[in-house]
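Q: Could you take a close look at one part of this protein for me? I'd like to know what surrounds it, residue by residue, and how it sits in the whole chain.

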Amino acid sequence: MTFSFYAATIPNFCQTLGAVGGLVAKAEAHCAEKGLAPAELIQARLAPDMWPFADQVKSTIWHSIGAVEGVRKGVFSPEMKSPPDTFAGLRTWVADSLAALEKLDPAEVDGFVGRPMRFEFGGRGMDFTAEDYLLSFAQPNFYFHAATAYDILRVKGLALGKKDFMGRVRRKT
């Protein structure tokens with residue numbers, strides 16, 4: 001079997017975005033169990049200069065399906081609108097993004113190889129090939145924000161383990 005660009009990107013995005021959806025569900029259950037206002041976790045941060053949980057979730061979406069959509073257009077600029085401020089809104093956003101990733105045609109993603117791609121933010125830009133953008137920029141950012149979302153919940157006392165971050169691993173069938 002040949003290893004494809006699709007196989008190097010999309011299944012990983014799906015696995016971890018599915019885990020992020022699980023984190024949202026566990027955060028919601030924790031609030032209900034402990035009688036906490038949802039905003040206590042949705043707006044929680046690791047440090048004052050870091051984005052809150054909701055923005056970490058949003059960034060996993062930006063750097064997965066958002067990055068793929070950027071490659072399709074040839075340019076990606078992060079969306080600056082605020083993320084949902086409810087667990088239901090975050091759950092829906094993650095589920096919709098995961099569904100969009102799962103619908104991607106592997107041949108289309110494999111066809112991205114060699115395509116020019118530009119990341120633009122704050123009046124600056126960086127030029128990439130599609131594969132360099134997804135593998136060296138979008139994926140590391142994606143994992144950073146997923147790990148930070150996990151870490152926020154851990155520091156807030158949720159009983160999470162490595163499997164909550166890793167999600168459902170793909171095993172030989």
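The close look below starts from one long helix and follows its contacts outward.

Q: Let's zoom in on helix α1, residues 5-34. Which residues does Asn12 contact, leaving aside its neighbours within four places in sequence?

A: Before going in, keep in mind that this is a predicted model. A quick bit of context, then the helix.

The protein chain has 7 helices and 3 strands. Read from the N terminus, the order is α-α-α-β-α-α-β-β-α-α. The radius of gyration is 16 Å, close to the 16 Å that the globule rule gives for 173 residues, so the chain is as compact as a globular protein of that length. Along its principal axes, the C-alpha trace spans about 50 × 50 × 25 Å. Of the 173 residues, 43% are buried. Among contacts with a separation of 6 or more, 73% are between residues 24 or more positions apart, and you'll meet a few pairs from distant parts of the sequence below.

Now to your residue. Asn12 is found in helix α1, which covers residues 5-34. Asn12 has a relative accessible area of 18%, and the cut-off for buried is under 20%, so Asn12 counts as buried. Leaving aside neighbours within four places in sequence, Asn12 is in contact with Ala7, Gln139, Phe142, Tyr143 and Arg170. The side chain also has a polar partner inside the helix region: one of its polar atoms lies 3.1 Å from the backbone oxygen of Ala8.

Follow the Gln139 contact across and you land in helix α6, which runs over residues 130-155. Gln139 is buried as well, at 9% relative accessibility. Looking back from that side, and not counting residues up to four places away in sequence, Gln139 touches Ala8, Thr9, Asn12, Phe13 and Leu134. Ala8 therefore turns up twice in this corner: its backbone oxygen lies 3.1 Å from a polar side-chain atom of Asn12, and Ala8 is among the residues that Gln139 touches.Stay on helix α6 and go along to Leu153. Leu153 has a relative accessible area of 0%, so it is buried. Not counting residues up to four places away in sequence, Leu153 touches Leu23, Ala27, Leu41, Phe53, Leu158 and Leu160. Leu23 and Ala27 bring you back to helix α1, given its span of residues 5-34. For a sense of distance in another direction, the C-alpha atoms of Leu153 and Arg115 are 38 residues apart along the chain and separated by 38 Å.

Back on helix α1, have a look at Lys26. Lys26 is partly exposed, with a relative accessible area of 37%. Leaving aside neighbours within four places in sequence, Lys26 is in contact with Leu158, Leu160 and Asp164. Leu158 and Leu160 are also among the residues that Leu153 touches. The C-alpha atoms of Lys26 and Leu160 are separated by 8.6 Å, although their positions lie 134 residues apart along the chain when you count from one to the other.

Ala27 has a link to helix α2 too, at least by distance. Glu40 lies in that helix, residues 39-42. The C-alpha atoms of Glu40 and Ala27, 13 residues apart along the chain, are separated by 9.9 Å. Glu40 is partly exposed, with a relative accessible area of 46%.

For a comparison outside helix α1, try Trp62 in helix α3, residues 53-73. At 9% relative accessibility, Trp62 counts as buried. Its contacts, not counting residues up to four places away in sequence, are Trp51, Ala67, Phe76, Pro78 and Glu79. Glu79 has a polar link as well: the side chain of Trp62 reaches the backbone oxygen of Glu79 at 3.4 Å. Within the helix, the C-alpha atoms of Trp62 and Arg72, 10 residues apart along the chain, are separated by 14 Å.

Last, the outside of the chain. The protein chain exposes about 9200 Å², with 55% of that supplied by carbon and sulfur atoms. As for charge, the mean positions of the 20 positive and 19 negative charges are 6 Å apart.

Conventions: Residues numbered from 1 in each chain as written. Predicted model: local features only at pLDDT ≥ 70, side-chain atom pairs only at ≥ 80, totals over all residues. Heavy atoms only, no water. Helix = DSSP H or I, 4+ residues; strand = E, 2+ residues; numbered from the N terminus. Rg over C-alpha atoms; globule rule 2.2 N^0.38 Å. Buried < 20%, exposed > 50% of the residue type's maximum accessible area, 1.4 Å probe, protein only. Contact = heavy atoms within 4.5 Å. Areas by Shrake-Rupley, 256 points an atom, 1.4 Å probe, with all protein chains shown as cover. Lys, Arg positive; Asp, Glu negative; His and termini not counted. Charge placed at Lys NZ, Arg CZ, Asp CG, Glu CD. Polar contact = N/O pair within 3.5 Å; in protein donor to acceptor, adjacent residues only side chain to side chain.
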